[in-house]
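Trainee: I am new to this structure and would be grateful for a close look at a single part of it. Please begin with one residue and work outward from there.

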Amino acid sequence: MAANFWASTQFLNWQFSRTELQEIRDELENGDPALIQQYTLPDRRLLSIFFSQQLVKLGKRMSVRQQALATAQVYVRRFYIKVDLRSTNPYLILATALYLACKMEESPQHIRAVVEQARNMWPDFIPSDIARLGELEFYLISEMNSQLIIHHPYRTLQDLQSRLSLGQDDVSLAWSIINDHYLTDLPLLVAPHVVAVAAILLALTLKPPHSGNLLTSLGSSPQVSNDSSQTGSATVNAQQRRVEDFVKWLAEGEVDVEAVADTSQEIISLYDIWDQYSEKTCKEQISRFVKARGLDK
């Protein structure tokens, strides 16, 4: 595995500017405008939420590790900037991406087990013939130009934990935010370490103090014992020190602060649109073109 992200195929061939990424997608959609018009789809971020949830459910059935799930999500995103969604069976693509990702992350699953669990989840969309998944595996590999090694932000988060004196709550929240970034275009836009730093920023600055959570759970009673008040103040002060240390480290370091800010805003935008998510709508619109075009065969 390439130890240096900057020398990797991920950086050299799969990192784009927003303008470049939009041009790629526009060219893809212009290839068959009638198909695009006939089968409208939800916002890409809402579809990403749906795909992510489906992958997680499938992964849980097979005890797949988080890094393999993350790799599968990157594969799906890469594949769908090369191939229009409406020309595929997304459920079969999800199963294939997870199967391939498990291989690459050295936690392989038997192809029969993947097909069986996928059929249990999506019986109307997954054929019983395991050869179909095998064929699609080569299709994915081809569309990704056999460039399958993925660098993730998790390692940077772990490396920064002790350097920035992050608490376990901070790390857990940042880890969850990193998981969520795979629902956006960020894996195609910024380096993994930028995502990790943005996740730490959000974990430190958007998390309410523990004392506030405690007061809320107790009904916001104004009468708190001196000991509780002192404990709450100490917790807030410790959190504030971690924020100050992080800001100082960020100012003195070599991380692109503007990229961190843009990445943070992209993740916040995902959370803003999440309220519009409807699993039922995504299922219906995907089923519509898969069934009508015979892609479930």
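Mentor: Leu55 has its place in helix 4; helices here are DSSP runs of H or I with at least four residues, strands are runs of E with at least two, and both are numbered from the N terminus. The model is a predicted one, in which local features need pLDDT of at least 70, side-chain atom pairs count only at pLDDT 80 or more, and totals for chains, interfaces and linings use all residues. Residues are numbered from 1 along each chain as its sequence is written, and side-chain values use heavy atoms, with hydrogens and water left out.

Leu55 has a relative accessibility of 2% and therefore counts as buried. That word means under 20% relative accessible area, while exposed means over 50% and partly exposed lies in between, with a 1.4 Å probe and protein chains only. Leaving aside residues up to four places away in sequence, Leu55 touches Leu69, Ala72, Gln73, Leu94 and Leu98; contact means heavy atoms within 4.5 Å. Leu55 and Ala118 are separated by 63 residues in sequence, and their C-alpha atoms are 9.8 Å apart in space.

Three of those partners, Leu69, Ala72 and Gln73, are among the buried residues of helix 5. This helix is largely enclosed by the rest of the structure, because 12 of its 14 residues are buried. The elements that cover its buried residues include helix 4, together with helix 1 (9–13), helix 2, helix 6, helix 8 (130–143) and helix 9 (154–163). The length of helix 5 can also be checked: at 1.5 Å a residue, its 14 residues should span 20 Å, and its end C-alpha atoms are 20 Å apart, which agrees. The expected span is 1.5 Å times one less than the number of residues.

Another partner of Leu55, Leu98, leads to the largest nonpolar core. Of the 94 residues in this core, Leu98, Trp122 and Ile200 touch the most other members. Helix 6 (residues 90–104) contributes the largest share of the core, 11 residues. Such a core is a set of buried Ala, Val, Leu, Ile, Met, Phe, Trp, Tyr and Cys residues joined through side-chain atoms within 4.5 Å. In soluble globular proteins, nonpolar side chains tend to be buried together. Trp122 touches Leu94, which is also a partner of Leu55. Its other contacts are Gln54, Leu58, Tyr91 and Ala95, again not counting residues up to four places away in sequence.

Helix 4 also takes part in the second largest pocket, which has a volume of about 430 Å³. Of the 21 residues that line this pocket, Arg44, Leu47, Phe51, Tyr80 and Leu85 are the closest to its centre. A pocket is found on a 1 Å grid over the protein atoms alone, as an open set of points where a 1.4 Å probe fits, with protein on both sides within 12 Å along at least five of seven lines; lining residues have an atom within 4 Å of a point. Grid points are joined across faces, edges and corners, and the volume is the space filled by probe spheres set on the points. Helix 4 (44–61) gives at least two lining residues, as do helix 2 (18–30) and helix 5 (66–79), and the contribution from helix 4, six residues, is the most. The lining divides into 11 nonpolar, three polar and seven charged residues. Ala, Val, Leu, Ile, Met, Phe, Trp, Tyr, Cys and Pro count as nonpolar, Asp, Glu, Lys and Arg as charged, and the others, Gly among them, as polar.

Arg44 has a further contact of interest, Asp185. Asp185 lies in the loop between helix 10 (168–181) and helix 11 (192–205), and at 15% relative accessibility it counts as buried. Besides Arg44, Asp185 touches Leu21, Arg25 and Arg77, with residues up to four places away in sequence not counted. Arg77 is one of the buried residues of helix 5.

The whole chain gives the setting for this part. Its secondary structure comes to 15 helices and zero strands. Of its 297 residues, 48% are buried. Among contacts between residues at least 6 apart in sequence, 83% join residues at least 24 apart.
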